[in-house]
Structure formats: C-alpha cells, structure tokens
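Me: I'd like to learn how to read a model like this one, feature by feature. Can you walk me through it?

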Amino acid sequence: MDPHGEKLLEEFRQRRPRLVELEGLVLCRLQEALERQHIEVTAIDHRIKKEDSLAGKLERKGAKYKSVDDITDLLGLRVITFYTDDVDKVAALVAQTFDVDWGNSVDKRKLHELDSFGYNSLHYICRLPAGSADEALCRIPFEIQMRTALQHVWSTINHDNGYKSDVQIPREYLRQFGRLAGMLELIDDEFSRLRNSLADYRRRMQTLVASGQLDEVSLNADTWESYLQTRPFDRLNRRIAAVNQAELFPAPLKPFLPILLALQMKTLGDVQRFIDANADDAYLLAVTQLGVTDLDILTESVGLQNLCIVQALKMGGGRPAIVRILNAISSFGDNEVLAQSIYDRASTLPFMNNK
Amino acid sequence: MNTTIKEQNGEMVALFEGRLDTAAAPQAEKDIQPLLATSGQNIVLDCNALEYISSSGLRLFLTVLKCAKAKGGHVFITGMNNDIRNVFAMTGFTNLFEFR
C-alpha cells in the first residue's frame, strides 16, 4: 500500500472508538423509528469496516479518497425487510431520522435497464442531524442499505461467488444469476400483492361483520377477532354475572376458535345461531354451578365456555367432549374429574333430558 | 392461612397453606408484596396445601398476574385440588393462568 493509503488506514484506527459510539447511536435511533412506525423487519445488520477489508479497498482505489471522511461506509447498517413496499417505507423513515447525502446515495433498483435484472438495493449515505450529538460525530458519514430478504439472499450469494472474486465468471453463469434476480423480483412482488390482498380481505370481512351479514363470513382467526369486537357474548356474560352480582374481568377468547371449528361452525352466521340456540341452556348450566357459591368475580369467557359445553353435549359428545373443551382452553392437564362434575350438573338440566 | 414466599431456580414461589378466604385475604395481600416487586421473574403460585379459595383469593391471584404480565413475566399455578379447579373452571379463570 502506498503512503497515502497507510495514512488513511492510521486515521481509521484513530477514529474507530468514535465509530463504535456512532454505531450504537445510529442503531438505537433506527430501531426506535421502526418501532414507532410499526415496521417489522427481518434484521438490522451493522458493522464497522474490518481493517483488512479497508486495506484492500485502499489498495484498489485509495487515490480516490483525500481523507478518511471521504470513505462513506466505514460504518454500515443494513435493514432487511420482509416486503418490497417496506424498503421504500424504511427509506422514508431513514430520510426523516438522519441527514441523507443525496449526491452520494444510490437506488440500485433504478440502475437496471428495462430488460436486465441484478443487484437491487437502496443505499443511503447519512449523517446524524446537526445538534443531535457532538459536532465531530455528526460529521462522520455512514451507509444504510435497505433491501428485501430475497434481495439479500441473492446479493449475498452473488457477492460470495462473483463480485470481488479473483476468477472471471463465464457469461452463462452471470446470466443465470440475472435470471434468478428476475425470478426473486417477481416473488417479492407476489408477496407484496398477497399482503395487500389479505389486508383487503380483512377489511371486507370487518365490513360484513359490522353490517351483520354473518353468513357470508367464514369463521377463521381474522374474522373471529373482528366478530369479538362486536362483543357478542356480553349479554350472556352479564346475565350469568347477575346471579352473584359478580364483576366481569376481560379474558382472551381466541382459544375458543378451534373448539367452535370442531363443533362444525363454518361461518360467523353459524356462531350467531349457536349463541341464539344455546344461550338459555348455557345460562342454566352456569347457574347450577355458580348459584350455590358466593363467587362474585368472573371472566368474560364464562358465557362462551358454557355455550360450548352445552352445544357439545347436545351433539352427543358426553363427558369426553367436555374434557376436550377444557383441554383446549387451559393447561390444567388432567381434566377428567372436572369434566365429570360438569357433566353431572348438566345432566340435571332440561336440555339433557328432552332429547 | 399461611403464605410463604421464596426464590427457587430463578423463580419466585408463593406457597399457600389453608383457606384463602375473605378473612385471610388482607394478610395474604401483605404477604405477596415481594411477588409484586419482582422485575419480570416468573412466579409460581403453589397451591398444593391450599384447601379453599374465595373471590378474594381469585382477586389476589389476578393482581399477581396483572403485575407479572406488565413486566413480561409468567404466572404458573401448581397443585390445585379438585375443588379449587372447579372454582377456576366455573368462573372462567382457567384460560387466564398457566398451569403446571
């Protein structure tokens, strides 16, 4: 390496502690900004350039740099997103959080000809905004790369096998890399399209739930959550709570979904009919249990739990069906004795004797 | 009613003995204060020697659960007899807690 390169390398060694400081600060601000905007990413990689890597760079093109300030990737961060749309969201966030040197930043996605495919990534050269840290730290540039997970996979494999390699890669293999890049771009777009379609589907289902068109809404995790927002079990819960003037405490109702599906409910209309058909019997079952106690605190799962037990018994499931329900909603373990006790009480009720 | 708190294998363990009813709840509430002061450790409510639980006892367990959850901890209940299980089932408390 020439004396100029040696000088730059020495400047880098002296700057390293400040780069470590900058790395922590930038990472922290980036993570905070992503969390604030609820953007989920697969990873944020970060590194300070290794000395041997910098030495190689200076040997190749050291004359290009007057001082170590001109080397913009001594600190590098890479944000890897799930979706291609999120790359632009992260970029907007980076521009909002740091000062971007637009002259030196590059959108590699736009460098391709219409009929060529290859490295797709967005590289921003940034600095901390003036006043957000001491002046010297705010002057140090750093690079943030943004790309999707699939772009990351492609560029990592391409980097290991092509770029910077000592061996000239034959044209046919380079073309194969290009074809793979095109395919991954297509897959990235499909993932984004799928996410948007799912979001549309959720919105549509929420509208149907809100307008009461429940027979058109299939029962699944998303629609169940929307349906719960209409608080369909409140009336039954309040009725049961009134037995002992009990207070009702919120409880998760998600664990009941597999039970409803096992009870052959396919749409939210089925769920509504299940409530209407069983609410009185579920109330009576709850009363046989709570009426002989002074328990005055219940959870909001009490109505649904009794509804499920009543429906399972009406379908002829007997005690094993109660065991299955209890197993699904709790990690008690052995629920046989408890199920027998519930079954015995239910056996005294009209719905079990009028079959 | 007796409540003993100890630390075991990195978890806070509360051992309840006797009847956790309305009369016993105020003292038990004082006894469980160390559980509310933990910094996200898991908590085990050992009910092997607990004979009975009333609404006051359920509220006490709920206080522990809310406090632990807010700090990212878990609350496990262990050793409940059939009567107490029954109380948990009929009140809908079964799917609030984790059981060992």
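Me: Where is Asp70(A) found?

Reply: This is a predicted model, so read everything here as computed. Asp70(A) is in the loop that runs between helix 2 (51-61) and strand 2 (75-81) of chain A.

Me: Is Asp70(A) buried or exposed?

Reply: The idea is to count neighbours: a residue with 12 or fewer other C-beta atoms within 10 Å is exposed, and one with 20 or more is buried. Asp70(A) has 11 other C-beta atoms within 10 Å, so Asp70(A) is exposed. There's a sequence-distant partner to look at too: Asp70(A) and Ile140(A) are 70 residues apart in sequence, and their C-alpha atoms are 9.3 Å apart in space.

Me: What does chain A look like overall?

Reply: Chain A has 14 helices and 8 strands. Of its 355 residues, 29% are buried. For the contacts, take pairs at least 6 apart in sequence: in chain A, 75% of them join residues at least 24 apart.

Me: And how many helices and strands does chain B have?

Reply: Chain B has 4 helices and 5 strands, and along the sequence they come in the order β-β-α-α-β-α-β-α-β. Chain B has 100 residues, and 40% of them count as buried. Among contacts in chain B with a separation of 6 or more, 72% are between residues 24 or more positions apart.

Me: Let's try the neighbour count in chain B. Is Ser39(B) buried or exposed?

Reply: Ser39(B) is exposed, because just 7 other C-beta atoms lie within 10 Å. Its place is the loop between helix 2 (33-36) and strand 3 (43-53) of chain B. Ser39(B) and Gly72(B) are 33 residues apart in sequence, with a C-alpha to C-alpha distance of 8.7 Å.

Me: What about Arg59(B), which lies in a helix?

Reply: That's the in-between class. Arg59(B), in helix 3 (residues 55-70) of chain B, has 15 other C-beta atoms within 10 Å and is therefore partly exposed. The C-alpha atoms of Arg59(B) and Glu29(B) are separated by 9.9 Å, with their positions 30 residues apart along the chain.

Me: Now helix packing. At what angle do helix 6 and helix 7 of chain A pack?

Reply: Look at the angle and the axis distance together. Helix 6 (residues 171-210) and helix 7 (residues 221-228) of chain A pack at about 40 degrees, with axes 9 Å apart. Roughly parallel would need an angle under 35 degrees, so helix 6 and helix 7 of chain A are oblique to each other. Their crossing is right-handed. On the helix 6 side of chain A, the contact is made by Arg202(A), Met205(A), Gln206(A) and Val209(A); helix 7 of chain A brings Asp222(A), Thr223(A), Ser226(A) and Tyr227(A). By class, that contact has 3 nonpolar, 3 polar and 2 charged residues.

Me: Which residues have a positive phi?

Reply: Most residues other than glycine have a negative phi, so a positive one is worth a look. Arg231(A) has a positive phi of about 55 degrees; Arg231(A) lies in the loop between helix 7 and helix 8 (234-242) of chain A. Gln264(A) also has a positive value, near 70 degrees, and lies in the loop between helix 9 (257-262) and helix 10 of chain A. Arg231(A) counts as exposed because it has 10 C-beta neighbours inside 10 Å, and Gln264(A) is exposed with 10 other C-beta atoms within 10 Å.

Me: How many residues does each chain give to the contact between them?

Reply: Chain A gives 23 residues and chain B gives 18. Helix 10 (268-290), strand 8 (297-299), helix 11 (302-314), helix 12 (318-329) and helix 13 (336-346) of chain A each supply at least two residues of the side that touches chain B. That side of chain A divides into 14 nonpolar, 8 polar and 1 charged.

Me: Last one: which residues touch the most other members of the largest nonpolar core?

Reply: In soluble globular proteins, nonpolar side chains tend to be buried together. The largest nonpolar core here has 73 residues, and Cys308(A), Ile309(A), Ile322(A), Ile325(A), Leu45(B) and Val64(B) touch the most other members. Helix 11 of chain A brings the largest share, 8 residues. Apart from that core lies another of 23 residues, including Val26(A), Leu30(A), Phe98(A) and Cys126(A).

Technical notes: Residues numbered from 1 in each chain as written. Chains lettered and ligands numbered in written order. Predicted model: local features only at pLDDT ≥ 70, side-chain atom pairs only at ≥ 80, totals over all residues. Axes fitted to C-alpha atoms, helices over the stretch in contact; angles between N-to-C directions. Parallel < 35°, antiparallel > 145°, perpendicular 65-115°, else oblique. Left-handed = near helix turned anticlockwise from the far one by under 90°. Contact = placed C-beta atoms within 7 Å. Nonpolar A, V, L, I, M, F, W, Y, C, P; charged D, E, K, R; others polar. Core = buried A, V, L, I, M, F, W, Y, C linked by C-beta atoms within 7 Å.
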